[in-house]
Amino acid sequence: MIVLDKISKSFGARTLFENVTIAFNEGNRYGLTGPNGSGKSTLMKIIMGEEDPTTGTISLPDKVGILKQDIEHYKDYNVIDVVIMGNKRLAEALKERDSLYEVEMTDEVGMRLGELEGIIGEENGYMAESDAEVLLAGMGIQETEARMKMKEIPTDMQFRVLLCQSLFGNPEALLLDEPTNHLDMESIGWLEDFLFHYRGTLIVTSHDRHFLNSVTTHIADIDYETIILYPGNYDAMIEAKMASRDRAQQDVKNKEKRISQLREFVARFAAGTRASQVQSRLREIDRLQPQELKASNIQRPYIRFQTPEKPSGKIVINAKSLSKGYDGREVIKKLNLEIHKGDKIGVIGNNGRGKTTLLKMLARVLQEDAGMVEVGHQVEIGYFPQNHQEVVVKKEGVNCFDWLKERKKDAYDQDIRSVMGKMLFGGDEAFKKIQTLSGGETARLILANLMLVNHNFLVMDEPNNHLDLEAVSALAWGLNDYKGTVIVASHDRSLIEEVAKKIIAFEEDGIHVYEGTLTEYRAMRAAAKK
């Protein structure tokens with residue numbers, strides 16, 4: 001069990017949460033939610049002991065698995081040893097035992113070795129390497145890589161090793177901040193299954209709606225300057241939260257209507273013979289005065305892309321024998337691909353297999369090594385890069401409004417302010433300097449540009465990165481509603497499932513093009529493996 005007792009956290013005049021007392025019980029899996037900036041990561045750091053609360057105390061069990069991000073600290077350690085470090089007591093006992101075997105054997109050393117072997121037995125240390133290998137395999141890390149130094153494996157794999165570290169050793173509680181970052185869909189599926197069968201206390205944050213819906217039994221939502229606990233998964237929380245807000249607003253309206261009726265009575269009879277009844281009505285008016293509803297932090301952008309002014313031809317892209325490689329390694333080899341008008345295509349696959357390379361070539365920002373890409377008649381491309389700096393160069397002095405104005409010089413100011421408002425850049429936020437923008441704000445600015453400028457073919461590489469859950473939902477709605485052609489790469493299964501009617505999958509055995517949804521594709525692949 002994890003207990004927060006009267007926890008508050010403020011930054012200057014801004015309060016994230018105040019006087020919160022809550023218990024996270026064993027056997028439950030809690031999703032910690034709230035929009036970007038609401039304090040999710042701050043609360044996780046407080047629970048992990050990495051940051052102090054303004055007031056209050058935290059109570060944790062003895063054995064807690066924490067997802068760390070400091071891969072640099074572990075660069076010189078073997079991968080399997082890093083995983084075993086997740087059980088601190090076991091790792092320290094193994095290290096001390098190995099060092100004692102290097103010194104002269106004495107009675108004292110022998111006694112200490114006996115004590116250490118007892119600790120190793122208690123912690124199931126004789127199965128430690130095989131248990132660690134099971135976790136690493138679930139994360140897609142091969143047995144040969146388990147014996148390598150951390151610095152010798154790719155960066156995204158190093159983050160996966162740290163995730164395995166947090167899961168190792170049967171911790172009584174797990175604190176996982178964005179565990180699906182750096183994972184492909186197969187690894188996310190494995191993690192979902194692992195956590196579903198986990199019997200300790202889990203607190204997890206994630207921008208992956210499908211993951212939260214699959215894993216959580218409760219949602220702890222940061223809103224109204226407190227933390228509200230909801231039973232069920234993320235979708236159930238949203239439904240309950242909206243219903244609760246609607247009831248509160250309706251209650252205020254009912255009270256205001258009743259107060260109006262009472263004031264009318266008081267005005268009519270204040271000077272007459274019904275003084276006692278007037279006083280009774282005045283007391284009721286005082287009792288009914290509605291308390292001001294605290295502002296909710298729910299903010300969902302309104303994403304709608306313009307209907308294309310110029311329809312494209314029937315064939316939007318015709319790629320023939322397309323090839324591209326880096327440093328002598330071919331990531332795309334002789335790919336033939338046709339994209340038709342109105343296609344909604346999802347691109348999936350492990351990192352490093354060439355998804356971004358393909359999208360850059362289709363967007364015509366990267367030249368192919370061989371083959372060709374024919375862009376169809378009247379095709380106008382809008383591009384959302386995975387690396388935001390490719391389109392948003394954060395120069396000093398440039399604000400968001402001017403950046404958009406530069407992209408469409410003939411746009412009316414009110415049209416620019418309209419798309420900015422839809423993307424939550426209201427009021428003075430529209431003139432925020434772009435070098436100060438967070439990752440989520442930069443993503444919303446790029447989307448605002450795609451909404452402002454008329455395109456008929458959108459190429460989007462991980463557009464959900466840095467967006468909160470409500471923004472990703474709004475993006476899925478907008479892409480579904482869009483009358484043009486879309487190709488989008490993402491590890492977010494909800495986004496791909498809601499948008500894509502065709503799949504381009506980068507698999508170990510090559511690139512597969514499948515006519516159908518993500519669910520249908522995965523079912524087909526699973527059946528083929530049997």
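**Exercise 1.** State what share of the residues in this predicted model count as buried, and describe the charged side chains.

*Solution.* Step 1: the protein has 530 residues, and 47% of them count as buried. Step 2: turn to the surface, where about 26300 Å² is exposed, with 48% of that area supplied by carbon and sulfur atoms. Step 3: count the charges; there are 68 positive and 81 negative side chains. The centres of these two sets lie 9 Å apart.

**Exercise 2.** Give the number of helices and strands, the span of the C-alpha trace and the share of contacts between residues 24 or more positions apart.

*Solution.* Step 1: the protein contains 18 helices and 18 strands. Step 2: along the principal axes, the C-alpha trace spans about 105 × 75 × 50 Å. Step 3: take the contacts with a separation of 6 or more; 68% of them join residues 24 or more positions apart.

**Exercise 3.** Work out the strand order of the open six-stranded sheet and name its edge strands.

*Solution.* Step 1: the order is E14-E15-E16-E12-E17-E18, and the pairing is mixed. Step 2: strands E14 (381-384) and E18 (510-515) each pair on one side only, which makes them the edge strands. Step 3: from one strand to the next, the twist averages 15°.

**Exercise 4.** Describe how E15 pairs with E16, and place helix H16 relative to the strands.

*Solution.* Step 1: E15 (residues 457-461) and E16 (residues 485-489) pair in the parallel sense over five bridges. Step 2: for Met-460, the bridge partner in E16 is Val-488. Step 3: helix H16 (residues 469-481) lies across E12 (344-349), E15 and E16, and runs at about 155° to E15.

**Exercise 5.** Decide whether helix H12 is largely enclosed, and look at the residue Arg-364 just after H12.

*Solution.* Step 1: list the buried residues of H12, namely Lys-355, Thr-357, Leu-358, Leu-359, Met-361 and Leu-362. Step 2: H12 (residues 355-362) has eight residues and six of them are buried, so the helix is largely enclosed by the rest of the structure. Step 3: just after H12, Arg-364 takes a positive phi of about 65°.

**Exercise 6.** Classify Leu-424 and Glu-462 as buried, partly exposed or exposed.

*Solution.* Step 1: Leu-424 sits in the loop between helices H14 (413-422) and H15 (439-452), and its phi is near 70°. Step 2: its relative accessibility is 27%, so Leu-424 counts as partly exposed. Step 3: Glu-462 belongs to the loop between E15 and H16, and has a positive phi of about 50°. Step 4: the cut-off for buried is under 20%; at 4% relative accessibility, Glu-462 therefore counts as buried.

Notes:
Residues numbered from 1 in each chain as written. Predicted model: local features only at pLDDT ≥ 70, side-chain atom pairs only at ≥ 80, totals over all residues. Heavy atoms only, no water. Helix = DSSP H or I, 4+ residues; strand = E, 2+ residues; numbered from the N terminus. Buried < 20%, exposed > 50% of the residue type's maximum accessible area, 1.4 Å probe, protein only. Contact = heavy atoms within 4.5 Å. Areas by Shrake-Rupley, 256 points an atom, 1.4 Å probe, with all protein chains shown as cover. Lys, Arg positive; Asp, Glu negative; His and termini not counted. Charge placed at Lys NZ, Arg CZ, Asp CG, Glu CD. Pairing = 2+ DSSP bridges. Axes fitted to C-alpha atoms, helices over the stretch in contact; angles between N-to-C directions.
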